2 protein chains.
Amino acid sequence: MSVIQRVLPEERYARHGHVGGILWFTGLSGAGKTTLSESLERALFQQGYAVAVLDGDIMRQGISADLSFSAEDRSENLRRLAHMARLLSRIGVLCITATISPFQRDRAAIRALMAPGEFHEVYIKASLSTCEQRDPKGLYRKARQGQIKAFTGIQSPYEPPESPDVVVDTESMGVEACLNVLTEYVARHFQLGTPNRSGG
Amino acid sequence: MSVIQRVLPEERYARHGHVGGILWFTGLSGAGKTTLSESLERALFQQGYAVAVLDGDIMRQGISADLSFSAEDRSENLRRLAHMARLLSRIGVLCITATISPFQRDRAAIRALMAPGEFHEVYIKASLSTCEQRDPKGLYRKARQGQIKAFTGIQSPYEPPESPDVVVDTESMGVEACLNVLTEYVARHFQLGTPNRSGG
């Protein structure tokens, strides 16, 4: 029997017109991660990209349903998310993850799992006071009332990225402007035939 | 801000020309799961399908690197595999999984995670004596010598599927004939516009 040639990532990239990879959104609750991840998914899908969003709900309702919200289990949840994102990336999908992922050490561990140029840290930036004012899910209010423990920004720290690959400031920019920054970033780093595709 | 329309599975199916889903290969070590999964991936990719293989190596080197080979951890590994496969299915990918998955109760639990028609149990059938004679990875020999414990077929049972969606018998059929059965099955159940796409 002849040896089978596994389908290589490069064959998938050629079909999709872009490489796979991960846009790892990080930011406070209320910073705009959900809105921007879903808008970006829609925009990129319309442009023909193979693209998918993974978020906390998808994880917690599925592969991480066995995990608690302890510090240890939150790290484990992010580790699993990273592996799922890597899987998508390796089959040529541009994977957008949308979780707070507050700790630098977790994000560094995740970057270390990936090939060079595969992981792109995207800081969805807004101040705590703005996020608490927006409070789209009412979580800050519950945290202030003690109904949620260890909520990021209130009882637990958020460590901003030290050198994110891209930053969008949702306090000073509207959704459309943020989306433009992100879609241009994606075109520059993921599309095939783009000279400066590698690098962050 | 307008409400974002998440990209629906149906939009992805329309782009791919087929629905997502899972072909869950099960069978003894040496039955031909790896050969057939990789050959099928290649054949379907060439036909334009969005297709990917997940196997034990991918799991154990990645998201399941923290798990042992105890009975409990083997079940957990399959649970995670099922969730990864489901993720792929939901973004319109035809996911082929290739693991022994010896226990009926594990496979039933996995089927229960999925939507109707999403999970297709594929029995890669060969007798224990044939598999032990082939012994492509030398694992049966090691198991007989006691170097591997709880090896399926030797110290641990293999429970054949009671009502598999499709069976390929690799003792009586060559690789090409098996592949024909599988690609025809896929065309009938996954391609858009096929009358009897649902059902098993």
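Here are four short exercises, with worked solutions, on a predicted model with chains A and B.

**Exercise 1. Work out which strands pair with strand 4 of chain A, and why strand 4 is largely enclosed.**

Solution.
- Begin with strand 1 of chain A (residues 21-26): 5 bridges link this strand to strand 4, in the parallel sense. T26(A), for instance, has Y123(A) in strand 4 as its bridge partner.
- Next, take strand 5 of chain A (residues 166-169), which runs parallel to strand 4 and is joined to it by 4 bridges. Here I124(A) stands opposite V168(A).
- Finally, look at burial, where a residue counts as buried if 20 or more other C-beta atoms lie within 10 Å of its own. Of the 7 residues of strand 4 (residues 119-125), 6 are buried, so the strand is largely enclosed by the rest of the structure.

**Exercise 2. Describe helix 2 of chain A: its span, its buried residues and what covers them.**

Solution.
- Helix 2 covers residues 33-46, and its 14 residues reach 20 Å from the first C-alpha to the last, close to the 20 Å expected at 1.5 Å a residue.
- Its buried residues are K33(A), T34(A), L36(A), S37(A), S39(A), L40(A), E41(A) and L44(A).
- The cover over these buried residues includes strands 1, 2 (51-55), 3 (94-98), 4 and 5, together with helix 8 (175-190), of chain A.
- Just after the helix, G48(A) takes a positive phi of about 100°.

**Exercise 3. Lay out the sheet of chain B and place helix 2 of chain B against it.**

Solution.
- Write down the strand order: 5 strands make an open sheet, 2-3-1-4-5, with parallel pairing.
- Identify the edges, which are strand 2 (51-55) and strand 5 (166-169) of chain B, each pairing on one side only.
- Add the twist: neighbouring strands of this sheet are turned by 20° against each other on average, direction ignored.
- Check one pair inside the order. Strand 1 (residues 21-26) and strand 3 (residues 94-98) of chain B are parallel over 5 bridges, and F25(B) has A98(B) as its bridge partner in strand 3.
- Now add helix 2 of chain B (residues 33-46), which lies across strands 1, 2, 3, 4 (119-125) and 5 of chain B and runs at about 165° to strand 2.

**Exercise 4. Find which element of chain A gives the most to the side that touches chain B.**

Solution.
- Count the contact: it takes 21 residues from chain A and 21 residues from chain B.
- On the chain A side, the elements giving two or more residues are helix 2 and helix 4 (71-90).
- Helix 2 of chain A gives the most, with 6 residues.
- Sorted by class, this side of chain A has 10 nonpolar, 5 polar and 6 charged residues.

Methods
Residues are numbered from 1 along each chain as its sequence is written. Chains are lettered from A and ligands numbered from 1 in the order in which they are written. This is a predicted model: local features need pLDDT of at least 70, side-chain atom pairs count only at pLDDT 80 or more; totals for chains, interfaces and linings use all residues. A residue is buried if 20 or more other C-beta atoms lie within 10 Å of its own, exposed if 12 or fewer, and partly exposed in between; C-beta atoms are placed from the backbone. Two strands pair if DSSP finds at least two bridges between them. The expected span of a helix is 1.5 Å times one less than its number of residues. Two residues are in contact if their C-beta atoms, placed from the backbone, lie within 7 Å. Axes are lines fitted to C-alpha atoms, for helices over the stretch in contact, and angles run from 0 to 180 degrees between N-to-C directions. Ala, Val, Leu, Ile, Met, Phe, Trp, Tyr, Cys and Pro count as nonpolar, Asp, Glu, Lys and Arg as charged, and the others, Gly among them, as polar.
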